[in-house]
Amino acid sequence: MKRQDSIRARINRDWDGARYYAQAENWLGFFWSPDKPVLKYFNRLDLSRTIELACGHGRHAAQCLDRVGEITLVDVNESNIAHCRQRFAGDARVRYVVNNGHDLADCDTGAHTSLYCYDAMVHFELLDVIDYLREMHRVLVPGGLALLHVSNNMQNPGGYYQQNDRWRNFGSVDVVRHVADRLDMPCIAHEIFDWGGTPKVDGLVLLERRP
């Protein structure tokens, strides 16, 4: 089995369950509470035409839908996009894309003012993160921002996320910052933080697409 086919099979198996997403509806505080660090960065995004990568059942989109001009919900699982179509039925501001787990092929080039990804990229393979960074540079307008919740776990290189604490894949904030800079998307802000009692295992990066 090809690497990408294997990764997609793992994603479909591990993240295609109604029980997980029902529970996740209760895990919003870290991202949306004014006393947490994430919201201040999100408030810097221009939501005129934004993308949410790995949207799941739309729990994060529901928190900001009243602020967007247009939002494209992207997920590798068809069942997740089907759920979002029902959740946001009739809202003309919402577009839907089922992707392949490593690109944004159905998103227009140079047309999106921002992109965000919460509680998902921490599980992504580093190669897929790099592919997505390339795609973010392609789809964002000059000066557009990408806000990414990423893994800062440097343990178990060569392993799989299911083998790691908090299911964090191998990666680091510094690696993301370095690769993004080389792709003309410098990091303009970042933080490293604990998750679920595991110290410094997660990070947040805010990237700006250079003209």
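A search of the whole structure turns up 13 salt bridges, counting a side-chain nitrogen of Lys or Arg within 4 Å of a carboxyl oxygen of Asp or Glu. Keep in mind that this is a predicted model, where local features need pLDDT of at least 70, side-chain atom pairs count only at pLDDT 80 or more, and totals for chains, interfaces and linings use all residues. Residues are numbered from 1 along each chain as its sequence is written, and side-chain values use heavy atoms, with hydrogens and water left out.

Side chains of opposite charge can pair when their charged atoms come close. Here are three of the pairs.

| Acid | Base | N to O distance |
|---|---|---|
| Glutamate 70 | Arginine 49 | 2.8 Å |
| Aspartate 108 | Arginine 49 | 3.1 Å |
| Aspartate 181 | Arginine 210 | 3.5 Å |

Start with arginine 49, which meets glutamate 70 in a salt bridge. That pair links distant parts of the chain, 21 residues apart: glutamate 70 is in the loop between helix H5 (61-64) and E2, and arginine 49 is in the loop between H4 and E1. Helices (H or I, at least four residues) and strands (E, at least two) are DSSP runs, numbered from the N terminus.

Arginine 49 also meets aspartate 108 in a salt bridge. Aspartate 108 sits in the loop between E3 and E4, so this pair ties together parts that are 59 residues apart in sequence. At 42% relative accessibility, aspartate 108 counts as partly exposed; buried means under 20% relative accessible area, exposed over 50%, and partly exposed in between (1.4 Å probe, protein chains only).

Then there's aspartate 181 in helix H8 (residues 173-182), whose salt-bridge partner arginine 210 lies 29 residues away in the segment after E7. Aspartate 181 is partly exposed at 29% relative accessible area, and arginine 210 is partly exposed at 34%. Both belong to a network of salt bridges that links Asp181, Arg182, Asp184 and Arg210.

On to the sheet. It is open, has seven strands with mixed pairing, and runs in the order E3-E2-E1-E4-E5-E7-E6; two strands pair if DSSP finds at least two bridges between them. Strand E3 (94-98) and E6 are the edge strands, each pairing on one side only. Neighbouring strands are turned by 15° against each other on average, direction ignored. Axes here are lines fitted to C-alpha atoms, for helices over the stretch in contact, and angles run from 0 to 180 degrees between N-to-C directions.

At the E3 edge, five bridges join strand E2 (residues 71-75) to E3, and the two run parallel. Valine 74 stands opposite valine 97 in E3. Valine 74 is also 9.4 Å from aspartate 106, C-alpha to C-alpha, with their positions 32 residues apart in sequence. Aspartate 106 lies in the loop between E3 and E4 and is partly exposed at 49% relative accessibility. Setting aside neighbours within four places in sequence, aspartate 106 is in contact (heavy atoms within 4.5 Å) with Arg95, Val97 and Val98.

At the E6 edge, strand E6 (residues 187-195) and strand E7 (residues 198-208) run antiparallel, joined by seven bridges. They form a hairpin with two residues between them, and glycine 196 in the turn has a positive phi of about 60°. Tryptophan 195 has threonine 198 in E7 as its bridge partner.

Strand E7 also holds aspartate 202. Is aspartate 202 buried or exposed? Aspartate 202 is buried, with a relative accessible area of 0%. Beyond neighbours within four places in sequence, the contacts of aspartate 202 include His149, Arg168, Glu191 and Trp195.

Next, helix H7 (residues 126-139). At 1.5 Å a residue, its 14 residues should span 20 Å, and its end C-alpha atoms are 20 Å apart, which agrees; the expected span is 1.5 Å times one less than the number of residues. Among the buried residues of H7 are Asp128, Ile130, Leu133, Glu135 and Met136.

Finally, the nonpolar cores: sets of buried Ala, Val, Leu, Ile, Met, Phe, Trp, Tyr and Cys residues joined through side-chain atoms within 4.5 Å. The largest has 32 residues, of which Phe42, Leu73, Tyr116 and Leu147 touch the most other members. Helix H4 (residues 38-42) gives this core its largest share, four residues. Leaving out neighbours within four places in sequence, phenylalanine 42 has contacts including Trp32, Leu47, Tyr116 and Leu147. A second, separate core of 29 residues includes Leu53, Phe124, Leu148 and Ala180.
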